[in-house]
Amino acid sequence: MLTDYHLHLRPDDAGSDAERYFTVANAERYRTVAEERGIAELGCAEHVYRFVQALDVWRHPLWRESAVDDIDDYAGFVREQTDLKLGIEADFVAGREDRMQALLAARDWDYVVGSVHFVGEHAVDHDGYEVWDHRSQRPDALWKRYFETLGEAARSGLFDILAHPDLIKIWGPRRPLPGGDLRRFYDLAMDGIAESQIAIELSTAGLRKPVGELYPAPAFLQMCLDAGCPVALSSDAHVPGDVGRDYEAALELLERLGVGDLAVFERRERRLEAIG
Ligand SMILES: [Zn+2]
Ligand SMILES: [Zn+2]
């Protein structure tokens, strides 16, 4: 069975309001594409910072300008009006673990996708709050801090799935890249990953970004597999046409690495299902 658990029912742009996108007809568009691509298990994971309740966790300027919708309306819509699993993409905000835990524990998710989008106040993947403006000539220091934070995110126990694990590479050659064997950075996250046994997201989204690669890099995924972690497969689609996009590449990698099962979630319980 194939999954696509990291779906957004709307683009990230301002103006993509809940009323327009959290509709039965829109959810059906995602389901239709999934059926065409042989994906049975679908779930959405809207960004937590689009909801006003996230401001109890963090008041970063991006969050303040984005927090418009009600998280319980979203959860109610998914549960009552769609056949999608109910997830959320929650940021790891260092120092705010208790607050995020309170937000997450108050709702009945099938799974929580955990993301490191920020290192300190600066965003890895958002050119409005660019980390690179501040550390542009120091890719090694930034990568080190990113992967240390990723390990903390895993270890926090807040999340079921570790999203786009090497997101820091998103810009590819458009930003400074460290040289040499990148496993010295991945290694910084491995204690947290191994301890938590979190599911590792294999995401095809990186193929649609400047880097043009799957997240994570095969060497990083291999390290996570060696640590005993299962894989969760997702596209991070923000439009219906991206559901299950480029899954051939992901499945080829999983086959090459000997992965025959995927993590499946229900009410935050995990089991493995054969890819088949
Ligand atoms: Zn993300
Ligand atoms: Zn996402």
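How many disulfides does the structure hold? The structure, which is a predicted model, holds 0 disulfides, and the views below begin with its cysteines before turning to the zinc ions.

**View 1. Cysteines Cys229, Cys224 and Cys44.** Cys229 takes part in no disulfide, and the nearest cysteine sulfur, which belongs to Cys224, is 5.7 Å away; because a disulfide is counted for sulfur atoms within 2.5 Å, this pair does not qualify. Cys229 counts as buried at 5% relative accessibility, and Cys44 is likewise buried, with a relative accessible area of 0%.

**View 2. Coordination of the zinc ion (ligand 2).** His6 and His8, each through NE2, coordinate the zinc ion (ligand 2) together with Glu89 (OE) and Asp236 (OD), at 2.0 to 2.3 Å. The angles subtended by the 4 donor atoms run from 81 to 164°, so the arrangement around the zinc ion (ligand 2) is irregular. Along the chain, the donors of this ion follow the spacing H-x1-H-x80-E-x146-D.

**View 3. Glu89 between two zinc ions.** The zinc ion (ligand 2) and the zinc ion (ligand 1) lie 3.6 Å apart and are bridged by Glu89. Glu89 belongs to strand S3 (residues 85-91), whereas Asp236 sits in the loop between strand S9 (231-234) and helix H10 (247-256), so the pair ties together parts that are 147 residues apart in sequence.

**View 4. Burial of Glu89 and Asp236.** Glu89, the residue that bridges the zinc ion (ligand 2) and the zinc ion (ligand 1), is buried with a relative accessible area of 1%. Asp236, which coordinates the zinc ion (ligand 2) through OD, counts as buried at 8% relative accessibility.

How values were computed: Residues numbered from 1 in each chain as written. Chains lettered and ligands numbered in written order. Predicted model: local features only at pLDDT ≥ 70, side-chain atom pairs only at ≥ 80, totals over all residues. Heavy atoms only, no water. Donors = N, O, S within 2.8 Å, 3.2 Å for Na, K, Ca; no water. Tetrahedral: all angles 85-135°; square planar, octahedral: opposite > 155°, others 65-115°. Helix = DSSP H or I, 4+ residues; strand = E, 2+ residues; numbered from the N terminus. Buried < 20%, exposed > 50% of the residue type's maximum accessible area, 1.4 Å probe, protein only.
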